[in-house]
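Trainee: Could you take me closely through one part of this model, the sheet strand nearest the start of the chain, and then place it among its surroundings? Please keep to what the coordinates give.

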Amino acid sequence: LLIETQLREAIREHQFVLFYQPKIDIRDQRIVGYEALLRWIRPDGSMIPPLRFIPVAESTGLIVEIGEWVIWEACRFISRQQSKGHDVTIAVNLSARQFTDQNLAAMVERILIRTCAKPQSLTFEITESMLMGDTDAAIAQLNELKNLGVALSIDDFGTGYSSLSYLKRFPVDELKIDRSFVKDIPEDTNDMDIVAAIIAMAQKMNLRVVAEGVETPEQIDFLNNNACYLVQGYFFSMPRAEQELFHLNYQPL
Ligand code: G
Ligand code: G
Ligand code: NA
Ligand code: MN
């Protein structure tokens with residue numbers, strides 16, 4: 001369990017950084033917010049991708065401690081932007097282990113107070129599968145978070161198996177269409193039908209909808225024609241370190 005030992009060392013020695021990927025409104029090409037994505041940079045400069053260490057962090061429970069750092073760091077980012085007059089939202093990914101933690105809402109509240117970050121500037125992304133198991137407990141946790149004033153988003157939407165009636169019970173604000181449905185637009189008409197259906201459904205349910213993994217102008221045209229205006233993806237930007245964010249042409253709000 002070398003990686004577990006290394007993860008503990010990474011926490012202790014501040015080897016984690018947050019990268020930020022902009023979320024763009026394609027109507028005016030402005031940045032409306034960022035998704036925070038965790039990066040582990042080793043002392044030799046090599047970067048270990050989250051897919052290699054997040055599963056280990058989850059299975060060992062270290063994700064709770066790492067995740068707390070992520071929330072602190074995201075709120076400090078919000079606070080720095082606020083003091084420059086930039087009103088941005090930051091989305092933070094939560095894993096199942098964090099979401100079922102009874103202390104989560106109290107911890108988030110403490111961090112919001114200590115950093116002076118506006119709760120409306122913080123969004124939590126959770127996946128459909130995290131809402132499955134104990135539905136009542138999940139709804140209670142979502143309500144506790146909502147009561148703090150933060151926003152809630154369902155990530156990787158479409159890859160789970162939530163029914164519509166099911167979805168209606170969860171107090172969420174946003175759906176993020178999984179990038180697996182976006183990547184083959186405009187070749188795969190099946191995926192186009194699915195994406196159009198998710199967008200229409202989100203509108204009916206009064207949910208914001210964000211398309212992930214947007215890489216081409218054709219995909220942007222398709223989303224625009226179907227009234228999905230919020231997008232993330234390499235077409236606009238990869239996730240970047242904070243100091244590299246404002247080299248983009250897109251101006252933060
Ligand atoms: O950029 P990307 O390789 O960053 O992310 C890969 C996966 O890791 C995604 O599923 C993403 O949700 C997850 N991930 C990235 N950052 C975090 C984080 O801070 N916390 C959790 N729980 N998952 C994260
Ligand atoms: O599971 P989640 O949606 O949180 O994961 C986001 C992941 O998607 C991150 O690994 C991020 O780096 C990656 N990502 C973001 N935009 C794109 C894109 O346009 N193309 C691809 N292939 N990956 C992307
Ligand atoms: Na995400
Ligand atoms: Mn996703």
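**One strand and its surroundings**

Mentor: Ile24 stands opposite Val231 in β9. The model is a predicted one, and everything below should be read that way. The pair belongs to the contact between β1 and strand β9 (residues 230-231), which is antiparallel and made over two bridges. Strand β10 (residues 240-241) also pairs with β1 in the antiparallel sense, again over two bridges. There, Phe19 has Ala241 of β10 as its bridge partner.

The pairing with β2 takes ten bridges: strand β1 (residues 16-25) and β2 run antiparallel. Tyr20 is matched with Ala36 of β2. Between the two strands of this hairpin are four residues, and Gln29 takes a positive phi near 60° there. In a regular strand, side chains alternate between the two faces of the sheet.

From β2 (30-41) the picture leads on to ligand 1, since β2, α2 (50-60) and α3 (62-83) are the elements that each give two or more residues to the shell around it. The largest share comes from α2, with three residues. Among the residues surrounding ligand 1 are Leu37, Leu38, Pro50, Leu51, Ile54, Gly67, Val70 and Pro239. By type, the shell around ligand 1 holds nine nonpolar residues, three polar and no charged.

Asn93 is also in the shell around ligand 1, and Asn93 is one of the residues that come nearest to ligand 2. The others named as nearest, out of 14 around ligand 2, are Gly213, Glu215, Gly233 and Tyr234. The make-up there is four nonpolar, five polar and five charged residues.

Helix α3 has another residue to look at, Trp69. Trp69 is partly exposed because 14 other C-beta atoms lie within 10 Å, where buried would need 20 or more and exposed 12 or fewer. Its C-alpha is separated by 19 Å from that of Leu152, a residue 83 places apart from Trp69 along the chain.

Helix α3 is also one of the packing partners of α5: the buried residues of α5 pack against α3, α4 (96-99) and α7 (135-147). Helix α5 (residues 104-115) has twelve residues, and from first C-alpha to last it reaches 16 Å, close to the 16 Å expected at 1.5 Å a residue. Its buried residues are Leu104, Val108, Leu112 and Thr115. These residues lie on the same side of α5 because they cover an arc of only 80° around the axis. An α-helix has 3.6 residues a turn, so residues three or four places apart point the same way. On the face turned away from the buried side, α5 carries the exposed residues Ala106, Ile113 and Arg114. Just after α5 comes Cys116, with a positive phi of about 60°.

Parallel pairing appears elsewhere in the chain. Strand β6 (residues 151-157) and strand β7 (residues 174-177) pair that way over three bridges, with Ile154 and Leu175 of β7 as bridge partners. On β7, the parallel partner strand β8 (residues 208-211) is joined by four bridges, and Lys176 has Val210 of β8 as its bridge partner.

To return to the strand you asked about, β1 pairs in the antiparallel sense with β2, with β10 and with β9.

Key
Residues numbered from 1 in each chain as written. Chains lettered and ligands numbered in written order. Predicted model: local features only at pLDDT ≥ 70, side-chain atom pairs only at ≥ 80, totals over all residues. Near = placed C-beta within 6 Å. Nonpolar A, V, L, I, M, F, W, Y, C, P; charged D, E, K, R; others polar. Expected span 1.5 Å × (residues − 1). Arc of directions from axis to C-beta. Contact = placed C-beta atoms within 7 Å. Pairing = 2+ DSSP bridges.
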